[in-house]
Amino acid sequence: MSQKFPEVQGGGSLIIAWQAKNKHILVVGGGEVAAGRILHALNADARVTVVSPAAGLNDEVAYRVAEGQVTHIDRTFEPADLDTADMVLCAIDDPEASTRVWQLCKEKRIPANIADVPPECDFYFGSMHRDGPLQIMVSTNGNGPRLASLVRKKIAATLPGNMGAAIENVGRLRKKLRELAPKVEEGPKRMKWMSGVCESWSLEDLVEMTERDMDGLLAFYESGDIPALLEIRAKAMGI
């Protein structure tokens, strides 16, 4: 039987966009690495608790504590800290204590990341590029974090500077379309039509698209047509 399906490439990670909004993320440590982890968690709208003696907080973490962006427990980690945690990020310079945190997380089935110890990680933090709703992560699966950063920079350099704005507009158009055609059976048609818009319109058109343009474009959904932006604007002006 001839091979006609994608070949399995083992050894990778399951790359997903974990929805952490309102989830409780416990960060053990308050140094530079912890600061980066905290920012990632806050960007995902998580509820963050930092466990670290105040003397161990760097300037950024201390700022987030002072601003009320995170909850701070002024002491070293205790097992009871895991009772309400949905995820644990450990970044302390104590291998023995870090391993203990990892073991406790395994017992409680809490996903955890122990900084710079790949065998004690349920997931890795890749190198991130962010532009509004656009997020791109590059991972070397724990083999070379610095190299991941270099690859991410090269990828980001090829992207238009207004990609985030285009994606935001597409998101608004998609929401309007679901309101116009909410039935489940419309799903395949909605997906096909939205794909056609993204493929036939230029990035510049998607960025420039206004609410009025969206309404004009949606008027063609029923027929399945996808007119150009200039055509929509001409029609709106009665030309």
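Q: Taking helices (H or I, at least four residues) and strands (E, at least two) as DSSP runs numbered from the N terminus, which element gives the largest share of the lining of the second largest pocket?
A: In this predicted model, where local features need pLDDT of at least 70, side-chain atom pairs count only at pLDDT 80 or more, and totals for chains, interfaces and linings use all residues, that share comes from α1, with 6 residues.

Q: And what else contributes there?
A: Alongside α1, the elements giving two or more residues to the lining of the second largest pocket are α3 (95-108), β5 (112-114), β6 and α4 (145-157).

Q: Which residues sit nearest its centre?
A: Of the 36 residues lining the second largest pocket, V33, R37, D116, F125 and P145 lie nearest its centre, with residues numbered from 1 along each chain as its sequence is written, and side-chain values using heavy atoms, with hydrogens and water left out.

Q: OK, switching: how big is the largest pocket?
A: The largest pocket has a volume of about 1100 Å³, a pocket being an open set of points on a 1 Å grid over the protein atoms alone where a 1.4 Å probe fits, with protein on both sides within 12 Å along at least five of seven lines, and a volume being the space filled by probe spheres set on points joined across faces, edges and corners.

Q: What's closest to the middle of that one?
A: The largest pocket is lined by 31 residues (each with an atom within 4 Å of a point), and those closest to its centre are I16, A17, W18, M128 and M137.

Q: Which elements line it?
A: Two or more residues each come from α1 (32-43), β4 (87-90), β6 (127-131) and β7 (134-138), and α1 supplies the largest share, 4 residues.
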